[in-house]
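The exercises below each set a task and then work through a solution step by step. Please look at the sequence and the model before reading on.

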Amino acid sequence: MTNHSPRPADRSFLFVLGSSRADGNTGMLARAAAEALPADVPQRWIDLNGLPLPDFQDGRHEEGDWPVSEAERTLREATLEATDIVIASPLYWYTLSAPTKRYLDYWSGWLGVPGLDFKKRMAGRTLWAVTAMSDEDEAVADGLATTLNHTAAYLRMGFGGVLLGNGSRPGQVLTDERAMKRAETYFHGEAPRALFPQEAAEARESAV
């Protein structure tokens, strides 16, 4: 059963904007959804264009300290401080934008930081996603949804699914009445824990 009441006031949201365009349709849709959150729920917004990360270099199995830039430190701390992380990425070539994917690549590095316990600390939190796309067929965003679901499943997080909107020209998503209506309740209720396909199949079998 889905609980459609607003989420508790002890939640804190991190919105990670991964569009290549300032004030893009994805960001507009994310802000429309955020407006429905209770006023006492903290929100932090980070635009990856204003906090650029270099390409991820996997140093987990190398000797020496893990070099941490100021941008990485800010994102890592913001990620761990939030109970709910919202990936706001437009659909680029049927998946996440490059800045968004780079941010998630850094999660791989954080898994190996001694004493950080990144995987353990992320368990039980919730991952959400907002995306705008030019195609009206929502199925073309399945690849993006699968990427984020599996990311959440690996970390034993909840996954709230993807809030989809149609928009290519600046501001076009605001005329997508269906998306704007969905935005009003997107963050309400509890998101189920994300499952890998085999886990979902086993759960269905055990429920029979």
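**Exercise 1.** Is Tyr186 buried or exposed?

Solution. This is a predicted model, in which local features need pLDDT of at least 70 and side-chain atom pairs count only at pLDDT 80 or more, while totals for chains, interfaces and linings use all residues. Residues are numbered from 1 along each chain as its sequence is written, and side-chain values use heavy atoms, with hydrogens and water left out. Buried means under 20% relative accessible area, exposed over 50%, and partly exposed in between, with a 1.4 Å probe and protein chains only. Tyr186 has a relative accessible area of 10%, so Tyr186 is buried.

**Exercise 2.** Describe the ring pair of Trp128 and Tyr186, and place both residues in the chain.

Solution. Rings of Phe, Tyr and Trp (its six-membered ring) pair if their centres lie within 6.5 Å, and planes under 30 degrees apart count as stacked, over 60 as edge-to-face and the rest as tilted. The centres of Trp128 and Tyr186 are 5.1 Å apart and the planes stand at 75 degrees, so the pair is edge-to-face. The pair links distant parts of the chain, since Trp128 belongs to strand S4 (residues 126–133) and Tyr186 to the loop between helix H6 (177–183) and helix H7 (197–207), 58 residues apart. Helices (H or I, at least four residues) and strands (E, at least two) are DSSP runs, numbered from the N terminus. Trp128, at 2% relative accessibility, is buried. Both residues belong to one aromatic cluster with Phe13, Phe15, Trp45 and Phe187.

**Exercise 3.** Which charged residue lies over the face of Trp45?

Solution. A charge sits over a ring if NZ of Lys or CZ of Arg is within 6 Å of the ring centre and within 35 degrees of the ring normal. For Trp45 the residue is Arg31, at 4.0 Å from the ring centre. Elsewhere, the charged end of Lys119 is placed over the ring of Tyr154, 3.9 Å from its centre.

**Exercise 4.** How many helices and strands does the protein have, and in what pattern do they follow one another?

Solution. The count gives seven helices and five strands, and along the sequence they read β-α-β-α-β-α-α-β-α-β-α-α. The radius of gyration (taken over C-alpha atoms) is 17 Å, close to the 17 Å from the globule rule (2.2 Å times the number of residues to the power 0.38) for 208 residues, so the protein is as compact as a globular protein of that length. Of the 208 residues, 46% are buried.
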